[in-house]
Amino acid sequence: MTNISTEVRALSSSMIEIRRDLHQHPELGFQEVRTSGVVAKRLTELGFAVRTSLGKTGLTGFLKGSKPGKTVLLRADMDALPIQEQADVPWKSRNDGVMHACGHDAHTAMLLTAAEILAKEMPRLSGNLLLVFQPAEELLIGAPAMLKDGVLADVKADAAFAVHLMNRLPAGNVAVRSGSVMTSADKLELSVTGRGGHGANPHNAIDPVVAAAQVITALQTLVSRETPPLGTAVLSITTLKAGTAFNIIPDTVEMTGTFRCFDAKLRETLLASLQRTAEGVASALRCTARVRNEYLTPAVNNDPAVTQIAREAATEIVGKDRVTEWEPMTGSDDLAYFWQQIPGCYAFVGSGKTDGSPSPANHNARFDIDESALAIGADLLVRAARRVLQGVLS
Ligand SMILES: [Zn+2]
Ligand SMILES: [Zn+2]
């Protein structure tokens with residue numbers, strides 16, 4: 001049995017209404033104009049000092065308590081994905097080719113609900129409440145854009161919390177973990193260049209296709225041979241482009257890929273190995289290799305003390321047996337940039353269906369959540385923030 005607080009229960013249906021409205025009007029990263037308008041209007045009504053245009057479409061709400069104290073930051077992301085929704089729900093997306101397939105509609109609705117409850121309590125609490133509504137999480141560039149625009153310039157936050165819905169976890173469960181929870185992400189671009197020629201006369205050409213094939217194979221040893229057995233790294237070459245005809249050896253092969261890691265030092269080591277391996281293997285086959293990496297986001301690390309606050313809050317709501325540690329994920333979230341500056345806890349709230357109906361994963365065109373998860377997520381934010389504002393954190 002879940003023990004949702006009375007305040008959240010009273011707002012449950014309005015929270016679901018907000019979520020369904022946002023679900024019908026999904027917007028891609030940095031295009032969340034309607035969404036941030038809805039959020040700004042609501043925060044203003046609730047008495048928050050609102051700052052807009054932070055990272056293009058991002059915004060914040062700030063509220064002071066009656067006495068000085070700690071500052072708590074609560075963060076939600078607002079963007080949708082370029083997916084044509086196939087879920088058969090009455091609140092289906094009305095924007096062709098755009099869908100809230102990762103639950104960010106629900107994250108926004110949960111944070112607005114937590115805002116309403118905490119705004120009423122602030123006169124009795126100490127410290128400050130800073131709500132961050134972030135754009136463009138799916139592009140992994142919304143959080144740094146907000147930081148660049150000075151979202152934390154005048155505020156020193158002491159603790160931060162955020163929740164993400166996960167369909168892999170049945171509704172009624174919460175995953176809270178201290179330390180590494182999500183990996184860093186690098187986008188890779190590789191090219192292998194030889195010299196083109198006739199497919200029938202390879203000896204007169206320098207074939208980059210064969211060299212690229214060997215580069216891809218050799219790169220797999222970075223994870224299998226150079227990563228400590230108990231460490232984690234992922235390297236996937238995901239696109240491969242070469243050639244124009246069956247009888248022509250091309251000049252160049254272009255590849256892209258993704259590289260993920262929990263440990264910043266291991267990331268540096270493996271990026272150097274990546275360079276060395278690609279260049280060395282290509283060179284052995286008379287080709288040249290170029291490797292470029294774009295550092296998208298650091299790993300997400302949850303602070304132990306702040307995570308303990310979230311764990312206690314989650315335990316009050318769903319009970320000890322349904323608070324799991326879960327495994328760290330090789331997905332990434334640019335919230336990591338906030339967590340680098342503020343001790344934070346990113347918790348995962350189960351939103352998988354519990355009535356036996358299928359629960360396609362986040363980012364699937366049929367993604368659909370069990371809406372009972374919203375009350376759990378909102379309550380978790382409220383209870384965790386309240387603890388900090390009551391002075392739990394030393
Ligand atoms: Zn996502
Ligand atoms: Zn997401």
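Okay, let's start at the metal: going along the sequence, the donor residues of the zinc ion, ligand 2, follow the pattern C-x1-H-x59-H. Before I go on, a word on what we're looking at. This is a predicted model, where local features need pLDDT of at least 70 and side-chain atom pairs count only at pLDDT 80 or more, while totals for chains, interfaces and linings use all residues. Residues are numbered from 1 along each chain as its sequence is written, chains are lettered from A and ligands numbered from 1 in the order in which they are written, and side-chain values use heavy atoms, with hydrogens and water left out.

So, who are the donors? They're Cys102 through SG, His104 through NE2 and His164 through NE2, at 2.1 to 2.4 Å from the zinc ion, ligand 2. A donor here is an N, O or S atom within 2.8 Å of the metal (3.2 Å for Na, K and Ca), and since water is not among the atoms, sites may look incomplete. There's a second zinc to mention: ligand 1 sits 3.0 Å from ligand 2, and cysteine 102 coordinates both.

Are these donors buried or exposed? Cysteine 102 is buried at 8% relative accessible area, and histidine 104 is buried too, at 1%. By buried I mean under 20% relative accessible area, with exposed being over 50% and partly exposed in between, using a 1.4 Å probe and protein chains only.

Now the helices. Histidine 104 is also where helix α3 begins, since α3 covers residues 104-121. Helices here are DSSP runs of H or I, at least four residues, and strands are runs of E, at least two, numbered from the N terminus. α3 packs on helix α9, residues 372-389, at about 40 degrees, with the axes 9 Å apart. Those axes are lines fitted to C-alpha atoms, for helices over the stretch in contact, and the angles run from 0 to 180 degrees between N-to-C directions. The pair therefore counts as oblique; the cut-offs are under 35 degrees for roughly parallel, over 145 for roughly antiparallel, 65 to 115 for roughly perpendicular, and oblique for the rest. The crossing of α3 past α9 is right-handed, which is to say the near helix is turned clockwise from the far one by less than a right angle, with anticlockwise giving left-handed.

What meets what there? On the α3 side you have, among them, Ala106, Ala109, Met110 and Ile117, and on the α9 side, residues including Leu374, Gly377, Leu381 and Arg386. Contact means heavy atoms within 4.5 Å. The residues of that contact split into 13 nonpolar, two polar and two charged. For the classes, Ala, Val, Leu, Ile, Met, Phe, Trp, Tyr, Cys and Pro are nonpolar, Asp, Glu, Lys and Arg are charged, and the others, Gly among them, are polar.

α9 has another partner, helix α7, residues 304-318, packed at about 130 degrees with axes 9 Å apart. These two are therefore oblique, and α7 passes α9 in a right-handed crossing. From α7, Ile309, Ala313 and Glu316 are among the residues in play, meeting residues of α9 that include Asp379, Leu380 and Arg383. By class that contact has 10 nonpolar, no polar and five charged residues.

One more pair: α5, residues 208-225, and α6, residues 264-284, come within 9 Å and cross at roughly 150 degrees. So they're roughly antiparallel. The residues of their contact divide into 10 nonpolar, three polar and no charged.

On to a couple of strand residues. Methionine 182 lies in strand β7, residues 179-182, and is buried at 6%. Its C-alpha is 4.9 Å from that of methionine 329, 147 residues apart along the chain. Beyond four places in sequence, methionine 182 touches residues including Phe262, Met329, Tyr346 and Phe348. Serine 191, in strand β8, residues 184-193, is buried at 9%. Thr252, Glu254 and Arg290 are among its contacts, leaving aside neighbours within four places.

Last, some backbone to check on screen. Leucine 140 has a positive phi, near 60 degrees, without being a glycine; leucine 140 sits in the loop between β4 and α4, buried at 9%. Tryptophan 326 also has a positive phi, about 55 degrees, in the loop between β15 and α8, and tryptophan 326 is buried at 16%.
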